[in-house]
Amino acid sequence: ASELFDFLSSPPIKAKGYSDLVPIFEPQSIIERNWNKIEHFVGREKELRRMIQIGKQMVFTEKKKKAHMVLIEAHSGYGKSSLAMQSIEKTRRMGGSRKKKVNILKNICKEGEKLVPYSIFRQIVLDILSNYGMESVTSENSYETDSESISSHESYQHDAYYNDRLVALCKELNYPEDFADALGERMLGLHPTNIYFGGNQRKKITPNDVLEFVVDAFLLHTARYDFVLLALDDVQWMDSLSWKVVQRLVDRGKGLMILCLCRPFAMEDASIDPGFLRQIQEEKAENGKKNPDLSVIELQPFTESDVLMILSATLGCDPGCIKEEVCKHLFKNSGGIPYYVRELIQVMNQDNLLERGNDGLIGWRSSQSEYNQITLHTDMNELLLHRLDRFQFDGRTLLQLGAIIGFEFSFSELLEIQYLSMNISFTQVKQVQGQLSRAVKENILIETCHGGIHKIQLSDTSSHPEHSKPTDNVDIPEKMYSFRHAMWRNCLLGTMLEERKRDLHHSVALLLESKNIACEVDLRHAMRTFHHWKASGNVAKACFLAKNISKHLDDSLFIHQSIGVCLEAIEMWKFKTCGDTDQELVAGISRDLLNSISPDELDCLARLHISAAKNHNPSMPKFLNSFDIYQDCDLILKESTVSASLKDRSIYFILYSGMFNFIQSGLIAEDKEVDKEGVAVRFVEQACIHGDPIHITRAIAMESLTMSLLGKFDEAIVAQKRLERIYSAEKLSEGICREYASDRAAQNYGYSVLWYEIMGKHDESQSQINFILSRLLPLMPEKNVHNSLLLLYPVLLVLVDNGMAQKARSLFHSHVYDCFYKFYGNESSTFFLFIYEALKFLFLVASYDQGDFPNDEFNKIEDWVLSDNVGSFPKIVVLNMCAMGRSPHCIIAEICIRLASKQVDHEKRKLLINKGMDQAQKSVAYMKGKSGVDYALRQCYRITNMCQLVSWQA
C-alpha cells in the first residue's frame, strides 16, 4: 500500500459508535500528487543522484544523523517540483526497503503571505494536533501529510477538538495551559475556550515563544520516525518567522531532511534572515563544500539530448526514431525549459503535427508548410494562448476569474463571483462544473481537494432531480482547484484589460469581506482580502483593513509584520500619485489627492504612518527611517486642508508623543535637522484646540522637557510652572495613564528636580522633591511600576548625591522593586528591568558609606558587578537615561569605585577600578556634545575623578 498510495490527513468527524471525533485519512494515488508529478521523468540525473545520496546517508544509518537542508533553486518552469517528487518517491522506497518508519510532510507557500506569521507551519501544527496521541505507524508503511490539500476552513468546526489536544501537547512539552489558549487563537485561529481570554488577563506570547513551541512540537511529533522529509515549495514567498523555524529545525533536528523549492532569491525582497541567506549564497559559490548541513542545487535549462529523451518518452519510441529537425525545433523554441518543452509536445500531439514517414522516422506531417514548422509557438505565452483558444468564451472567462481569485480557488468562490447578484440555475452550475473538469483534463488546473458542501439558492430547480421549488437551497459538493503551473495564471491575467481585472478584484474582495471573518480568526483570509482591495484600486478599503490587520499583529507582538503591512498600505497612496509628473507632492503623495480624501481616510493614512513608525527597532535595518515616517505624517496633517475637518484630533497626540519619544531617545542622526521646538509647540496647539486637560498637560510636559533637551533650562522651568498651574494628580493622573501608558505630566516634576540642580537652585530642587514624595507619589497607581520609576529616578539620584542613599533605597524598594515582583513575578519583564539590580546595589553600597560593609553582601555585589554580562546596554536605553540624570554605565562605574575604595585585595581592587574607569568613559562618550544631559555628565566626571583618586591611593 505504501508504494501505491499516499495518505492525506483530513479534519476529524463525528462517527457513529465513537464518542470522540475520528481522524480521517484519505488514500490518494501517487499520480494524483499536486506537485507536478509527471509520467515520464527524464534528465536531472546528476541532481537526482545528489539528492538520493543525501537521503541514503540519512536512511541507511542506525543512529539518526543531524538534519540537512536541500534548497532547489530555479526559475519558473525549470522542473523543481518534478525533481522533488521524484526524489521523494525514491527516498520513500529506500526507507521501505530497510523497514524504516518514514514520514513525509509537504506544504506550499502562497504568494501574498510573506507578512502572515508562521503561515506555512499553521496547517502543519494542526496536522500534528490531528495525529497527536495516535499509535506509531508500522514499519512497513510510510505516512504522508500534504497540508496544502486540506481545506483551512474545516478546522473552525472542530476548535474544541484541536484546543483539547493543544492543551495536552503543551502539557507534555512543559508549556503552561494559558500558553496553549493564546497560541490557539493567535497562531492557529482557534476560538478561545476559557477564562484566559477574559479582559486584560489574555496571555501575551512573543514570536520567539511561538517559534520554540512549533519547533518542539514538530520534533516531538516526528521523533517516532526513523526518517522525516519536510518538503516546502515556493519558499521565496515564505514569511520570516517560518524561515526561523526552518533554521531552528536544521540546528536541532535529527533524521530530518528539509527540502525547499524556490525561485532565485532577491536580497532586497527575501524575508529570510540575512545571515542564513548569506550561508545559502556561500554554499552556492562553494558548490556544496562549505556547509555540511546545507546543499544548494541550481537547475539549468535542459540540453538538446534531454529534450530528445522527453519527446521519445512521450511518443513511446526510441530516440533514434525521431528526426533531428523536430528535436532541434523543439529545443530552439522551448529554450530547454522543461515545462515549455512538455507543453509544446502536447500541442504537437493535439494538433497532429507529427507523423511517421515511410523511412520509419517521426517528423513533421507533410501538410505542414516550412513556414508553419519554423514559426510554431515561438513564445511560451503564445503557446498557452493557443491552448486556451480551444475553450469557448464562457470557459476562458471562468479561468480568467479563477486567475484573479488566486493560484488556488474554490468552486463555491468561483460560482458566487461569476454570478454575483444574479440568480443561478442548476444548468449554470453544471456548466461551470463541466468547464472546470475540462480544464483539469487539459492539465491547466489541478483538483487539489474535495469535500464538504456549499449551499446555494437556485432560480430554476426544474432540472434538479431532488428539488422543485425555486427557493430551495441546494447542496453543491465543494472542491478546491489550483493552476497546474504559475505560467497558466500569469498568461490568463495577461489576457485581461487592467480595468476588467480591477472590477473582478473588487468582486472578489466584496465576497471575502461578506464572510465577516475577523483578523484574529483567520489572518490569512484578512491578508487575502487586503490584497484584492489593493488590486481593485480601492485604496481606502485596503487601508482601513490594513489598519485593523496591523493592530492585530501589534497585539500579537508580531511587530515586523505589522510594520510591513502599514508600509505596503502607505505605498498604495504614493502609487496612486504616479504618472503625473506635474503634481505637487506632499511626502510622496499628490497634494490634490490629500485635499480630496475624506477626514476618515486622512485619519487612517496618518494612523498607518504612526503604527509603522512607533514600532521602530534598531535591529530592523529596513526600518531605521522611522522618524522620517513620523515627519511625513506630520507634514501630511499640516498640508492637507482636510485636517481642519478631523473630528477625532487624538491622532495628533499619538503623533507628537511618538515623535518626542524618538527625539528623547537620541537616535536621530546628528546631521538631520529636526524642529524639536516646533513639534512641541504644535502638540500644545492641537491639545488646546481639543480642550481636554489630559492632553494639554501632557503637551506642556513635552514642551518643558523639549526645552531641557535643547539646554534651555530657564524656559523648561517656565513651562513646568505653567504645567503646575493646570495639573492635578487627583483629577488627571488616571486619564493620562490611560492615554499615554504612564503619567508623563507627573514625571516632569521629577525632571524639574534635575533642572533646578543644574541651575544651582538647590532649595527649589528640595522643595520639588518634598512635593513629589508627599503629594504625587501616594496618588500614583501602585501597579504601574514603570511610571513610578520614571517619576522617582531623578529624585533617587539627587538623594544619593546629597548623602541620603538610605532614603533612596527605601523609596526604590517600596515603590518600584518590591512592587514589580509582587504584582508581576520573576517571569515578567519591563523596559527598565535591566537596571533594577544595578540601582538596588548602588543604593545598598552608598548606604554603607559611613559604616562597616557586611562581607557576604560585599562579595555578592562584587561578583555581580565584575561578571562579563554586566555593563552592556542598548544605545537607545543609555541615551534615554542620560536625560533622566544618570546613564547605566555611570551607575555601574559608581558601584565599582565605591567597592574598590573598601577592597583590601590588590588584584580585586584593580579589577574594580579598571571596570569603573571603562564604564565611566563609555558614559562620557555617549553624552559628549549632546545638550540637555548636564546633570548626568557632571556626575560622570565626578565618578571619573573618584576612579582616578582611588587608583592613586591603590
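This passage describes the nonpolar cores and the aromatic rings of a predicted model. Local features need pLDDT of at least 70, side-chain atom pairs count only at pLDDT 80 or more, and totals for chains, interfaces and linings use all residues. Residues are numbered from 1 along each chain as its sequence is written, and side-chain values use heavy atoms, with hydrogens and water left out.

A good place to start is the interior. The largest nonpolar core (buried Ala, Val, Leu, Ile, Met, Phe, Trp, Tyr and Cys residues joined through side-chain atoms within 4.5 Å; buried means under 20% relative accessible area, with a 1.4 Å probe and protein chains only) has 218 residues. Met 69, Phe 213 and Tyr 727 touch the most other members. Helix 32 (residues 785–801) gives this core its largest share, twelve residues; helices here are DSSP runs of H or I, at least four residues, numbered from the N terminus. Apart from this core lies another, of 60 residues, including Phe 302 and Ile 405.

Aromatic rings come next. The structure holds 29 aromatic pairs, meaning rings of Phe, Tyr and Trp (its six-membered ring) with centres within 6.5 Å; planes under 30 degrees apart count as stacked, over 60 as edge-to-face and the rest as tilted. Phe 627 and Phe 662 form a tilted pair, 5.5 Å centre to centre with 35° between the planes. This pair links distant parts of the chain, with Phe 627 in helix 24 and Phe 662 in helix 25, 35 residues apart. Phe 627 is buried at 3% relative accessibility, and Phe 662 is buried at 9%.

Terms used:
Buried means under 20% relative accessible area, exposed over 50%, partly exposed in between (1.4 Å probe, protein chains only). Helices (H or I, at least four residues) and strands (E, at least two) are DSSP runs, numbered from the N terminus.
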